[in-house]
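Visitor: Please put the sequence and the model on the screen, and then take me through the fold in questions and answers.

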Amino acid sequence: MLTIAGYQIHSLKVQEFLFDGTPLTAGTADPSRPKPRIRLATRLLLIVGNGHRILVDTGIGELCWTSRWAANATSPYRLEEELEKHGLQPGDITDLVLTHLHSDHVGGAFTCAGDGLVPVFPYARVYVQEENFRTACRPDEREKGSFNETIIDEFRQLALFHTVSGTQELFPGIDVIVSNGHTRGQQLVRISDGTTTLLHGGDLIPTTAHYPATRVTGNDIDARTVIEEKAVILEEACEHGWILFFGHDPFRHAATVLRRPAGFVPGPAPEF
Ligand SMILES: [Zn+2]
């Protein structure tokens with residue numbers, strides 16, 4: 001068990017999916033060959049303590065509103081089973097911190113009921129960066145496919161929806177760090193007691209395969225900013241022994257950062 005600043009930290013692997021790699025080869029891919037697919041997972045961070053039961057992100061969810069994601073899923077969505085392992089149900093979550101509003105991070109916040117959608121975490125206060133919410137409400141051509149209009153509208157109507165502006169402490173020992181390369185106003189979640197620190201890498205460092213600073217993802221809006229931001233985070237994580245948590249790594253949920261002549265590589269992390 002990993003405890004930081006009075007919080008117990010858990011990793012919930014709620015789904016696996018395949019991500020379309022064709023944007024990298026658009027126009028030149030051989031149509032007779034299978035499409036390149038990247039194997040990914042959606043992992044949620046559960047933080048329990050000090051009167052809070054905090055969930056970071058929700059994953060894709062039950063897929064009832066987008067066939068694009070449904071086609072890519074390679075496992076059912078296991079939110080309830082994963083929460084149950086820790087004696088919790090969705091109604092027990094007090095706070096939902098969203099790294100950003102791309103569909104694979106927030107789709108699970110709502111589920112179908114009749115013709116409409118209802119919140120899965122009815123008592124949770126929802127935290128998102130103001131700038132990311134603004135981006136999601138009016139996405140440009142580059143980012144439009146990453147947001148789901150219906151879900152963003154549902155958030156807008158939630159009484160417990162709360163926007164925050166900038167890097168700041170959200171709860172004692174838990175702060176959010178703004179990052180703008182993947183999408184404007186992504187927030188990385190950091191838990192620290194001054195000795196042990198864990199950072200949710202969001203989609204800035206979504207897997208261990210993204211440790212090389214120049215390894216950007218196909219849907220980053222600003223690759224140069226990603227490279228700069230990632231270099232700063234990896235440097236700090238390496239120096240201070242931070243544990244990084246990966247929201248999309250199919251093989252492991254956490255690692256530390258070691259310096260090697262060729263660059264940073266994943267190191268061992270405590271069990272949790
Ligand atoms: Zn993502």
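The turns below go from the whole chain to its sheets and then to single residues.

Visitor: What kind of model is this, and how many helices and strands does the protein chain have?
Guide: This is a predicted model, in which local features need pLDDT of at least 70 and side-chain atom pairs count only at pLDDT 80 or more, while totals for chains, interfaces and linings use all residues. Residues are numbered from 1 along each chain as its sequence is written. Helices (H or I, at least four residues) and strands (E, at least two) are DSSP runs, numbered from the N terminus, and by that reading the protein chain has six helices and 16 strands.

Visitor: What radius of gyration does the protein chain have, set against a compact globule?
Guide: The radius of gyration is taken over C-alpha atoms, and the globule rule is 2.2 Å times the number of residues to the power 0.38. The C-alpha atoms fill a box of roughly 50 × 50 × 35 Å along the principal axes. For 272 residues a compact globule would come near 19 Å, and the protein chain agrees with this at 18 Å.

Visitor: Which strand gives the largest share of the largest nonpolar core?
Guide: A residue is buried if 20 or more other C-beta atoms, placed from the backbone, lie within 10 Å of its own, exposed if 12 or fewer, and partly exposed in between; 41% of the 272 residues count as buried. A nonpolar core is a set of buried Ala, Val, Leu, Ile, Met, Phe, Trp, Tyr and Cys residues joined through C-beta atoms within 7 Å, and the largest one here has 63 residues, with I47, L96, L98, I191, L198, L244 and F245 touching the most other members. The largest share of this core, seven residues, comes from residues 37–49, which is strand β3.

Visitor: Which strands stand at the edges of the open sheet that contains β1 and β9, and why are they edges?
Guide: Two strands pair if DSSP finds at least two bridges between them, and seven strands form this open sheet in the order β1-β2-β3-β4-β5-β8-β9, with mixed pairing. The twist from one strand to the next averages 30°, where axes are lines fitted to C-alpha atoms, for helices over the stretch in contact, and angles run from 0 to 180 degrees between N-to-C directions. Two strands have a single partner each, so one side of each is left without a neighbour in the sheet, and these are β1 (2–4) and β9 (161–164).

Visitor: How do β8 and β9 pair, and which helix lies across them?
Guide: Strand β8 (residues 125–129) runs parallel to β9, the two being joined by four bridges, and Y127 stands opposite H162 in β9. Running at about 80° to β8, the helix that lies across both strands comprises residues 130–137 and is α4.

Visitor: Which helix packs on the sheet that runs from β10 to β16?
Guide: This open sheet of seven strands has the order β10-β11-β12-β13-β14-β15-β16, with mixed pairing, and its edge strands β10 (168–171) and β16 (263–267) each pair on one side only. Neighbouring strands are turned by 35° against each other on average, direction ignored. The helix packing on it touches β11, β13, β14 (243–245), β15 (254–260) and β16, makes about 90° with the direction of β15, and is α6 (residues 223–240).

Visitor: Which glycine has a positive phi in the turn between β11 and β12?
Guide: Strand β11 (residues 174–179) and β12 run antiparallel and are joined by six bridges, with I191 in β12 as the bridge partner of I174. Six of the seven residues of β12 (residues 186–192) are buried, so this strand is largely enclosed by the rest of the structure. The hairpin has six residues between its strands, and the residue in the turn with a positive phi of about 75° is G185.

Visitor: Is H105 buried or exposed?
Guide: H105 lies in helix α3 (residues 103–106). Two residues are in contact if their C-beta atoms, placed from the backbone, lie within 7 Å; leaving aside neighbours within four places in sequence, H105 is in contact with D57, T58, L98, T99 and H100. Because 25 other C-beta atoms lie within 10 Å, H105 is buried.

Visitor: Where does I152 lie, and how far apart in space are I152 and L101?
Guide: I152 lies in helix α5 (residues 149–157) and is partly exposed, with 18 other C-beta atoms within 10 Å. Beyond its neighbours within four places in sequence, I152 is in contact with L101, A136, C137 and F147. I152 and L101 are 51 residues apart in sequence, and their C-alpha to C-alpha distance is 7.8 Å.
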